[in-house]
Amino acid sequence: MSDFRKGFVAVSFTDPSPAAPPSPTARTADVSHQTVGILGGTGPQGRGLAYRLARAGQRVVLGSREAERAAATADGLGPGVTGTSNTEAAREGDIVIVTVPWEGHAATLGALREELAGKLVIDAVNPLGFDAKGAYAIRPAEGSAAEQAAALLPRSRVTAAFHHVSAALLTDPAVETLNTDVLVLGDSRADTDAVQALIGRVPGMRAVFAGRLRNAHQVEALVANLVSINRRYKAHAGLRITDV
Ligand SMILES: NC(=O)c1ccc[n+]([C@@H]2O[C@H](COP(=O)([O-])OP(=O)(O)OC[C@H]3O[C@@H](n4cnc5c(N)ncnc54)[C@H](OP(=O)(O)O)[C@@H]3O)[C@@H](O)[C@H]2O)c1
């Protein structure tokens with residue numbers, strides 16, 4: 001394989017290969033006993049991640065600005081899923097995934113600094129704008145949504161992942177395996193290993209370490225391209241990284 005091809009990002013459609021390649025996680029972590037909290041868990045992305053993680057045996061607590069809404073949403077997602085307020089989901093989660101819209105990102109995390117102290121936070125937020133020409137990436141003052149999370153949560157272990165995983169596929173029970181790579185970013189090897197281990201529990205999902213949080217912007221921004229791909233080809237495009 002030439003140096004040029006190494007690290008090439010392949011944008012692929014829903015199910016390009018029958019089986020996921022083996023995970024490139026070098027060290028293993030066991031997160032199976034940990035509870036996953038999901039902030040903004042009533043939306044398609046939070047619901048979809050909850051559904052997939054619960055199917056893999058993970059305990060999941062959905063969060064919402066309205067606890068009743070999260071409880072009602074959790075009802076349909078399997079026995080391992082419960083619903084409560086964002087505050088309680090942050091408290092109960094050992095690992096907390098952030099799936100609120102970019103517009104609510106700073107306010108949501110800023111209000112949960114205490115509850116999220118010491119927690120492994122996985123930011124899945126893509127700062128995007130939409131206009132008549134389609135989707136475009138927004139560059140936050142901190143550099144990325146993930147870096148904004150790290151700035152707002154100085155006592156949390158902030159990572160980023162799940163940006164390119166389609167909620168439409170996650171929530172579709174007819175889709176048995178997603179067959180997609182998930183880029184994982186973070187500044188601590190132990191933390192990104194734990195996130196990779198969590199992702200690796202979902203059949204078909206392969207987690208690939210993709211750099212430190214300072215490189216999160218282009219990962220978040222690539223979703224604007226995926227939105228364009230999806231519109232042109234009527235697809236739910238995801239990523240495959242070659243040669244790892
Ligand atoms: N959809 C996808 O395919 C996809 C894929 C990858 C990543 N993402 C990212 O995941 C995040 C969630 O996506 P989504 O499509 O699930 O979004 P969404 O439905 O717009 O929002 C998710 C939930 O966040 C809460 N929320 C809405 N506005 C809020 C605000 N201003 N402040 C705090 N909470 C608010 C709502 O729950 P309550 O009203 O119950 O609080 C809503 O159900 C986004 O940042 C997106 O970039 C999405």
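Q: What makes a stretch of residues a helix or a strand here?
A: Helices are DSSP runs of H or I with at least four residues and strands are runs of E with at least two, both numbered from the N terminus. The model is predicted, with local features needing pLDDT of at least 70 and side-chain atom pairs counting only at pLDDT 80 or more, while totals for chains, interfaces and linings use all residues. Residues are numbered from 1 along each chain as its sequence is written.

Q: Which helices each supply at least two residues of the shell around the ligand?
A: They are helix H1 (44–55) and helix H4 (102–110), and the largest share, 4 residues, comes from H4. A residue is near the ligand if its C-beta atom, placed from the backbone, lies within 6 Å of it, and 25 residues surround the ligand, with Gly-40, Gly-43, Ser-64, Gly-104 and Ala-167 the closest.

Q: Why are the buried residues of H4 said to line one face of the helix?
A: In H4, His-105, Thr-108 and Leu-109 are buried, a term for residues with 20 or more other C-beta atoms, placed from the backbone, within 10 Å of their own (exposed: 12 or fewer; partly exposed: in between). Seen down the axis of H4, these buried residues fall within an arc of 95°, so they line one face, the arc being that of the directions from the helix axis to the C-beta atoms. On the other side of H4, Glu-103 and Ala-107 are exposed.

Q: Why does Phe-162 count as buried?
A: Phe-162 has 25 C-beta neighbours inside 10 Å, and therefore counts as buried. Phe-162 is found in the loop between strand E9 (157–160) and helix H6 (167–170).
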